[in-house]
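Here is a short walk through a protein model, written for someone who would rather be at the bench. Have a look at the structure first, then read on.

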Amino acid sequence: FAAALPWFPVYYRFRLPVMPLLAALGGGGALLLARDLARRRWSRALGPALAGLLVLVIFWNDPTPYRPVSERRGVAVILLLSNRLDEAERYIDTLEQEGLPTADLRRELRRRDLALGLSGAGATAP
């Protein structure tokens, strides 16, 4: 389950109802795969592993372009509120490159930089 999250990120609004189901199914599948490998049932373990790899190759895509602007700006706000300023700065740069409005996010980044006494990029608040 945890290994699948970087490849198939779930939109924020769907995370709460979907994650328990994915965790249960992923955990069950991992237990069955581990049991088959421990019993050296290679043919039984190989099928699901190859099917999972095929699904990954076919269906993986970067979800960022499909997210609404409000959700993408929300990511920047969460990074700012959690004082992950270096990540926030990189993310805001990405939003600017895509032509999205970021003046208010940039102001908040500068304000937090000054409030925490950080000078320049690359600094992260404790």
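Where is Arg-40 found? Arg-40 sits in the loop between α1 and α2.

## Ground rules

This is a predicted model, so a few filters apply: local features need pLDDT of at least 70 and side-chain atom pairs count only at pLDDT 80 or more, while totals for chains, interfaces and linings use all residues. Residues are numbered from 1 along each chain as its sequence is written, and side-chain values use heavy atoms, with hydrogens and water left out.

## The overall picture

The protein chain has 5 helices and 0 strands; helices (H or I, at least four residues) and strands (E, at least two) are DSSP runs, numbered from the N terminus. Read from the N terminus, the order is α-α-α-α-α.

Of the chain's 126 residues, 23% count as buried. Buried here means under 20% relative accessible area, exposed means over 50%, and partly exposed is in between (1.4 Å probe, protein chains only). The accessible surface is about 8700 Å², and 66% of that belongs to carbon and sulfur atoms; these areas come from the Shrake-Rupley method with a 1.4 Å probe, and for residues only the protein chains shown count as cover. Take the contacts (heavy atoms within 4.5 Å) between residues at least 6 apart in sequence: 55% of them join residues at least 24 apart.

## Around the α1–α2 loop

Back to Arg-40. At 61% relative accessibility, Arg-40 counts as exposed. Its phi is positive, near 60°, and Arg-40 is a residue other than glycine. As background, most residues other than glycine have a negative phi.

On one side of that loop, Asp-36 belongs to helix α1 (residues 12-38). Is Asp-36 buried or exposed? Asp-36 counts as buried because its relative accessibility is 5%. Leaving aside neighbours within four places in sequence, Asp-36 is in contact with Arg-41, Arg-44 and Ala-45. One of these partners, Arg-44, is part of helix α2 (residues 42-59) and is partly exposed, at 45% relative accessibility. With residues up to four places away not counted, Arg-44 touches Arg-35 and Asp-36. Arg-44 and Leu-33 are 11 residues apart in sequence, and their C-alpha atoms are 8.2 Å apart in space.

## Helix α3 and its exit

Does the length of α3 add up, and what span should its 13 residues have? Helix α3 covers residues 69-81 and should span 18 Å at 1.5 Å a residue, which agrees with end C-alpha atoms that are 18 Å apart. The expected span is 1.5 Å times one less than the number of residues. Buried residues in α3 are Glu-71, Arg-72, Arg-73, Val-75, Ala-76, Leu-79 and Leu-80. For helices in general, there are 3.6 residues a turn, so residues three or four places apart point the same way.

After α3 comes Asn-83, which lies in the loop between α3 and α4. Asn-83 is not a glycine, yet its phi is positive, about 60°.

## The nonpolar core

The largest nonpolar core has 12 residues: Val-75, Ala-76, Leu-79, Leu-80, Leu-85, Ala-88, Tyr-91, Ile-92, Leu-95, Leu-100, Leu-105 and Leu-109. Such a core is a set of buried Ala, Val, Leu, Ile, Met, Phe, Trp, Tyr and Cys residues joined through side-chain atoms within 4.5 Å. At least two core residues come from each of α3, α4 (85-97) and α5 (103-116), and α4 gives the largest share, 5 residues.

Ile-92 is in contact with Ala-76, Thr-102, Leu-105, Arg-106 and Leu-109, leaving aside neighbours within four places in sequence. Leu-100 lies in the loop between α4 and α5 and is buried, with a relative accessible area of 16%. With the neighbours within four places left aside again, Leu-100 contacts Val-69, Arg-72 and Leu-95. Leu-100 and Arg-72 are 28 residues apart in sequence but 9.7 Å apart in space, C-alpha to C-alpha.

## How α3 meets α5

α3 and α5 pack at an angle of about 10°, with axes 10 Å apart. Axes are lines fitted to C-alpha atoms, for helices over the stretch in contact, and angles run from 0 to 180 degrees between N-to-C directions. The two helices are therefore roughly parallel to each other, a label for angles under 35 degrees (over 145 is roughly antiparallel, 65 to 115 roughly perpendicular, and the rest oblique). Here Arg-73, Ala-76, Val-77, Leu-80 and Leu-81 of α3 meet Asp-104, Leu-105, Glu-108, Leu-109 and Arg-112 of α5.
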